Amino acid sequence: MQSDCYMLSEAEKLKISPHNSDQTTMAAKFLEPAVPAAAPMEGILCCNCGVKIVPNQLNMCIPCLKSKVDITMGISKQVTIFFCRGCGRYQRPPWITAALESRELLALCLKKIRGLNKVKLVDAGWIWTEPHSRRLKVKLAVEKEVFNGAIIRQQFVVEFMVANQQCPECQKSYTEHTWESVVQVRQKVRHKRTFFWLEQLLIKHNVCGKCINIRDQPDGLDFYYPTKSLGQHMVQFLEGTVPCRAKFSKKLITQDDHSNTYRYKYTWIVEIVPVCKDDIVVLNGRMASSMGGICPILLCYKVSNLVMLIDPNTMQRVSVSSKAFYRDPPVVACSRGQLRRFVVMDMDLPDDPEEKVTAGKFLQGEATVMRDDDNENGADEEEYISYTHIAHQLRPGDSVLGYDLKYSNLPEDVSSRLKGRDLPEVVLVRKAYPKRKNRQKNRKFKLKILKKDKAEGGREESGKGKRRNAGRAAERKNEDEFQQFMNDLEEDPDMRADVNLYKRSDYKQDRKNMEEAEEDDSDDGFPEVELQELIDGMGTSLSIGESKQNGRASMEETEIKL
């Protein structure tokens, strides 16, 4: 290892600067003579080799000084540091994240050098190496006082070899006891539209960034975290996003009475209220009375951290918190699976603007509708008159989805809660767009999804064919529900305002699709997704694997370990 030696005078000892160590040639700094400045300088002979030199404290030339004195002796010239390829951290300890040629990595390397505390460190800097070489080089400048009060400065290079080693967190991820807390989210409904919506909120707010694993269950999702605090953060996010209640429990895994240490596994069960958008709920008498005597038959038009309900007949709106919901649970009379298609025959709106009844963005009107023959074969052409809260969206000839309560089978608790009130024959919910064809093919956007593991099955020895068929049916149902969720995002601008929509890289609208789109655009008021709402570069922040069949993409393990 080549090194440069310098001898400093007493005056230069006070003027030492750490930025003057970039010299690469060997030089000597001699002491000022004790004789007056006007006196001529006389040379002396080196005490070792006899070469004539300028007088100094050691009476020795530079070559002899290098052969006799080496202040870097005992300092490591080759050091090994450990790097975890799983999480990209270096072992300090603790394991830290540091970029190449950064101040943090330089401080880590200096602490790994043995014997550096015996000398005075003057300067340290990086020497460029290839990033793939697994080598790091640092140029150091050190000083030390030798015999007769002379101070020597010497420069040398230390080489660091980067070796691979797993950190404890990554080692733990490959064992059975990987998680410390689990959040089990459940909702007692027959669909997973709520979890599709919740999944997009988790991705947008990056709540699952440190999640170890996500397991898909028939009635919800399980989120596994390495620490208790991350599970608590997940529960707090859910309580502020959806109406729910949480139950907490813990299980003792190991204990050490001598050191008084205990290890637990923590579990949160988060139950989301079984009410979704476009559901009809029936309140009990006490809850209806506490809300000003509102009609107990209400329509859910939005679900956030509150359940928002509206009465289409009076245009009264109420919000129900999760605490009030579980204190007096309402009954879900109808869900989206019971929606039927109607055709608007006439729409009656007041001519006087002062007589119009509004509630936020909703406008009340009297609609005359008739059942669509496509949904109910053999049904009589009977007209129904119903008050609706979406009169601002409907015109004669439009299609609308609603509930036919006249011919629906309602739960037994509904009649007891009505207390003699008459059920409306039809409740209109949302406008339909039956002329829109090939919506999946012509869709401009796609969504990210979380990579999830399937739930563990039962016995493997019997019933393999039945389980296989049931699994395929569940996958088809899941795909159909996801496509319905994508259609809801297209039709509801307020709903997609809280979701990140990404532009499809493979979207190409050919001439045939353009003609079909022009035919479908027959001024039906369809809320198109504008290009300004889409985000370019789906793979800029995360490594994404695209799925062209269903318009979805899955997060790879490079960013989120799931």
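**Exercise 1. Classify His389 as buried or exposed, and describe its surroundings.**

Solution. His389 has a relative accessibility of 2% and therefore counts as buried; the term buried denotes under 20% relative accessible area, exposed denotes over 50%, and partly exposed lies in between (1.4 Å probe, protein chains only). The model is a predicted one, in which local features need pLDDT of at least 70 and side-chain atom pairs count only at pLDDT 80 or more, while totals for chains, interfaces and linings use all residues. Residues are numbered from 1 along each chain as its sequence is written, and side-chain values use heavy atoms, with hydrogens and water left out.

Next, locate the residue: His389 is in the loop between β24 (383–388) and β25 (399–404). Strands (E, at least two residues) and helices (H or I, at least four) are DSSP runs, numbered from the N terminus. Finally, list the contacts, defined as heavy atoms within 4.5 Å. Leaving aside residues up to four places away in sequence, His389 touches Leu299, Ile310, Pro312, Met315, Phe362, Leu363, Leu428 and Val429.

**Exercise 2. Determine how many aromatic pairs the model has, and examine two of them.**

Solution. First, state the rule: rings of Phe, Tyr and Trp (its six-membered ring) pair if their centres lie within 6.5 Å, and planes under 30 degrees apart count as stacked, over 60 as edge-to-face and the rest as tilted. By this rule there are eleven aromatic pairs. One of them joins Phe83 and Tyr90, with 4.9 Å from centre to centre and 55° between the planes, a tilted arrangement. Phe83 is buried at 16% relative accessibility, and Tyr90 is buried at 5%.

Then take Phe196 and Phe482: their ring centres are 5.4 Å apart and their planes stand at 85°, so this pair is edge-to-face. The pair links distant parts of the chain, since Phe196 belongs to helix α5 (residues 193–205) and Phe482 to helix α10 (residues 464–491), 286 residues apart. Both Phe196 and Phe482 are buried.

**Exercise 3. Identify the lysines whose charged ends sit over the rings of Phe156 and Tyr264.**

Solution. Apply the criterion: a charge sits over a ring if NZ of Lys or CZ of Arg is within 6 Å of the ring centre and within 35 degrees of the ring normal. For Phe156 the residue is Lys77, at 5.3 Å from the ring centre. For Tyr264 it is Lys250, at 4.5 Å from the ring centre. Tyr264 also belongs to an aromatic cluster with Phe248, Tyr266 and Trp268.

**Exercise 4. Assess the span and the burial of helix α5.**

Solution. Begin with the span: the expected value is 1.5 Å times one less than the number of residues. For the 13 residues of α5 this gives 18 Å, and the helix reaches 19 Å from its first C-alpha to its last, close to that expectation. Eleven of the 13 residues are buried, so α5 is largely enclosed by the rest of the structure. Among these buried residues are Arg193, Phe196, Trp197 and Glu199.

**Exercise 5. Locate the unusual backbone geometry at Pro93, Pro94, Asn206 and Asp278.**

Solution. Start with the cis peptide bonds: one joins Arg92 and Pro93, with omega about -20°, and another joins Pro93 and Pro94, with omega about 0°. Pro93 lies in the loop between β5 (89–91) and β6 (95–96), as does Pro94. Turn to phi: Asn206, not a glycine, has a positive phi of about 55° and comes just after α5. Asp278, also not a glycine, has a positive phi of about 75°. Asp278 lies in the loop between β14 (261–272) and β15 (280–282) and is buried, with a relative accessible area of 5%.
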